[in-house]
Amino acid sequence: MRGVSVLTIVRNRSAHLAQLVEGLRRSDRIPDELIVVDMSDEPVDPGPASFPVRIDRFETDGLPLAAARNRAASLARYDQLVFLDVDCIPLRGCVAQLVDLLCGHDALLCADIRYLGPNDARGSWDEATLLKSGRAHPIRVFPERGVREEKNAGLFWSLAFALRRSTFESLGGFDEAFAGYGAEDTDFGFRAAASGLKLLFAGQAIACHQYHDSYEPPVQHVADIVRNATQFHARWGRWPMEGWLDAFVRIGLINWTDEGLELLRLPTCAEMAAARIEPKQWGAETQLATHSAGCVSKDNHPWVARRP
């Protein structure tokens, strides 16, 4: 059916979801529906909306990102899919720009993300203030207008992207063999590239990423990351998330040798506290690092092979 389905998944971030809904309410192109896959401890309430909102309760342990995104896509009624991380506020032209581009490009489209600080969008907001406060990603470079083809499949991100429903289905969606957190989106980007699908960065399709508590490295997900990195290496012959893996080695959580990865132990409470990013630490090297270390090296050459 012709139209656009916006898809999001949420776990215990009702306030962020409400701001996403508010961004969609103000959009030049109102979605034909919003699908919310809710993995929260208590059911979320997205608040009032001027478009249909369908909430699907997904009772699950952990954070099965691949399965949750596939579940959202399976519930969509329309032929254009816009995936938004629940932390993202789409600005007025974001959805319209992505939808217009999908009409002319059967491609994988990434929106431009601006990272907000701890005090931004904590109540009422206006776009001018968010754009002034938001920080662009230091590695992913977006055009001012139109699209730029990105040859590095490792720079695909699942924070805000769009593609045709038929294309998503032809790719088989996200691979649910990547259980929990990490590498499922990079694998999706690699499979899209292997199929010949172009990765396009869309100028003027801007979403603002709301601040939330985070860890650098994400020690709370070390078991998932080790398992999924091993899965990724078996398929692609290279390691994802090298920055995080190196950090885990330094902390003593994992062993990384020519034979592969071994989880030695889970982090202690002290190590969790040391990795937590405090609001006063927010900046280009903190929240931004969370969406950088997993995909590229610091010199912007992806997948520098330090391990076989």
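Buried means under 20% relative accessible area, exposed means over 50%, and partly exposed lies in between. The model is predicted. The exercises below work through its rings, backbone and confidence.

**Exercise 1. Classify W236 and F190 by burial, then describe their ring pair.**

Step 1. W236 has a relative accessible area of 24%. That value falls between the two cut-offs. W236 is therefore partly exposed.

Step 2. F190 has 8% relative accessibility, so F190 counts as buried.

Step 3. Turn to the geometry. By the ring-centre rule, the count comes to 17 aromatic pairs. In the pair F190 and W236, the ring centres are 5.3 Å apart and the planes meet at 65°. Planes over 60 degrees apart count as edge-to-face. The pair is therefore edge-to-face.

Step 4. Place the partners. F190 lies in helix α6 (residues 184-194), and W236 lies in helix α7 (residues 222-236). The pair therefore ties together parts that are 46 residues apart in sequence.

**Exercise 2. Work out what kind of pair W239 and W256 form, and which parts they tie together.**

Step 1. The ring centres of W239 and W256 are 5.9 Å apart. Their planes stand at 80°, so this pair is edge-to-face.

Step 2. W239 lies in the loop between α7 and α8 (242-251), while W256 lies in strand β12 (residues 254-257). The pair therefore ties together parts that are 17 residues apart in sequence.

Step 3. Check burial. W239 counts as buried at 4% relative accessibility. W256 counts as buried at 5%.

Step 4. Look at α8 itself. The buried residues of α8 are E242, W244, L245, D246, A247 and F248. Just after α8, G252 takes a positive phi of about 95°.

**Exercise 3. Find the aromatic cluster, then find the arginines that lie over rings.**

Step 1. One aromatic cluster is formed by F83, F156, F161, F168, F174 and F188.

Step 2. Take F174 from that cluster. R69 lies over the face of F174, at 5.1 Å from the ring centre.

Step 3. Now take W125. The charged end of R26 sits over the W125 ring, 3.7 Å from its centre.

**Exercise 4. Identify the unusual backbone at N12, Q204 and P217.**

Step 1. Start with the background. Most residues other than glycine have a negative phi, and most peptide bonds are trans.

Step 2. N12 has a phi near 60°, a positive value in a residue other than glycine. N12 is found in the loop between β1 (4-10) and α1 (14-25). Its relative accessible area is 41%, so N12 is partly exposed.

Step 3. Q204 has a phi near 70°, which is also positive in a residue other than glycine. Q204 is found in strand β10 (residues 199-209). With a relative accessible area of 40%, Q204 is partly exposed.

Step 4. The peptide bond from E216 to P217 is cis, with omega near 0°. P217 is found in the loop between β11 (214-215) and α7.

**Exercise 5. Describe the surroundings of R114 and of I89.**

Step 1. R114 lies in strand β6 (residues 108-115). R114 has a relative accessible area of 19% and is buried.

Step 2. The side chains of R114 and D112 are joined by a polar contact of 3.0 Å.

Step 3. Set aside neighbours within four places in sequence. R114 is then in contact with L131, G134, R135, A136, I206, A207, C208 and H209.

Step 4. I89 is found in strand β5 (residues 88-90). I89 is buried, with a relative accessible area of 0%.

Step 5. Apply the same sequence filter to I89. Its contacts are Q19, G23, A121, W125, L130, I206, A207, C208 and Q210.

Step 6. Compare with a separate position. I89 and A275 are 186 residues apart in sequence and 26 Å apart in space, C-alpha to C-alpha.

**Exercise 6. Where does pLDDT fall below 50, and how many contacts does the model have there?**

Step 1. Begin with the whole protein. Its mean pLDDT is 91, and 91% of its residues reach 70 or more.

Step 2. Over residues 284-288 the pLDDT is below 50. This stretch has 16 contacts in the model beyond near neighbours in sequence.

Step 3. Over residues 296-308 the pLDDT also stays under 50. Here the model has 30 contacts beyond four places in sequence.

How values were computed
Residues are numbered from 1 along each chain as its sequence is written. Side-chain values use heavy atoms; hydrogens and water are left out. Rings of Phe, Tyr and Trp (its six-membered ring) pair if their centres lie within 6.5 Å; planes under 30 degrees apart count as stacked, over 60 as edge-to-face and the rest as tilted. Helices (H or I, at least four residues) and strands (E, at least two) are DSSP runs, numbered from the N terminus. Buried means under 20% relative accessible area, exposed over 50%, partly exposed in between (1.4 Å probe, protein chains only). A charge sits over a ring if NZ of Lys or CZ of Arg is within 6 Å of the ring centre and within 35 degrees of the ring normal. pLDDT is the predictor's confidence in each residue, from 0 to 100. Contact means heavy atoms within 4.5 Å. A polar contact is a pair of N or O atoms within 3.5 Å; within protein, one must be able to donate a hydrogen and the other to accept it, and residues adjacent in sequence count only if both atoms are side-chain atoms.
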